[in-house]
Amino acid sequence: MNTANMCQTVPSHNTTGHRRSPMHTSFYWGHESQILFSGWPGSSRGMYALALFFVFGLAVIVECLSYHSIVKPEANKVAAWFFKTAMHTVRAGLSYIVMLAVMSFNGGVFLAAVSGHAAGFLIFGSKAFGKHGGSEKLPNLSPRR
């Protein structure tokens, strides 16, 4: 296996004349990356840190939306159904954004996403901070007998 070329190169110019950056096909470490948008965060360490916080925050929000029901039991059934559908759509969209960020193959972004999901689960999904966790959604992780 040729490991010398772990970064897939693309033509230096596309049809519109803009320079394109290399696409990584394996995890790499470094602050010079492209996450979600062309040219973002660029080569700035501060913007890279902001991108990591952004991905972390999105993952926490996804977990919050997964474990909290905002609809009150006495709400209109049709309105509640539409609201739950809208919230599910938002959660799915944010989940896909986190997934696309991880597909940048940057190790820091991957760790930020996993840490955000873990922190979100700890805060909203478990009962570590009180009785506000959604225990009905927790998977049964006990060994089978």
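The following paragraphs lead from the nonpolar core of this predicted model to its surface patch and then to one buried serine. Residues are numbered from 1 along each chain as its sequence is written, and side-chain values use heavy atoms, with hydrogens and water left out. Local features need pLDDT of at least 70 and side-chain atom pairs count only at pLDDT 80 or more, whereas totals for chains, interfaces and linings use all residues.

The largest nonpolar core has 14 residues; such a core is a set of buried Ala, Val, Leu, Ile, Met, Phe, Trp, Tyr and Cys residues joined through side-chain atoms within 4.5 Å. Ile 35, Val 55, Ala 101, Val 109 and Ala 113 have the most contacts inside this core. Two or more residues come from each of helix H1 (45-67), H2 and helix H3 (107-125) (helices are DSSP runs of H or I, at least four residues, and strands runs of E, at least two, numbered from the N terminus). H1 gives the most, with five residues. Beyond its neighbours within four places in sequence, Ala 101 is in contact (heavy atoms within 4.5 Å) with Ile 35, Leu 36, Val 55 and Val 109.

Leu 36 also belongs to a nonpolar surface patch with Phe 37, Phe 54, Tyr 96, Ile 97, Met 99, Leu 100 and Met 103, together offering about 770 Å² of accessible area (Shrake-Rupley method, 1.4 Å probe, only the protein chains shown counting as cover for residues). Patch residues have over 30% relative accessible area and no salt bridge, and nonpolar side chains (Val, Leu, Ile, Met, Phe, Trp, Tyr) are joined within 5 Å, like charges within 9 Å; a salt bridge places a side-chain nitrogen of Lys or Arg within 4 Å of a carboxyl oxygen of Asp or Glu. Helix H2 (residues 77-102) supplies the largest share of the patch, four residues. Tyr 96 is located in H2 and counts as exposed because its relative accessibility is 53% (exposed means over 50%, buried under 20%, partly exposed in between, with a 1.4 Å probe and protein chains only).

Ser 33, in strand E3 (residues 33-34), counts as buried because its relative accessibility is 10%. Not counting residues up to four places away in sequence, Ser 33 touches Tyr 28, Trp 40, Pro 41, Gly 42, Tyr 48 and Asn 106.
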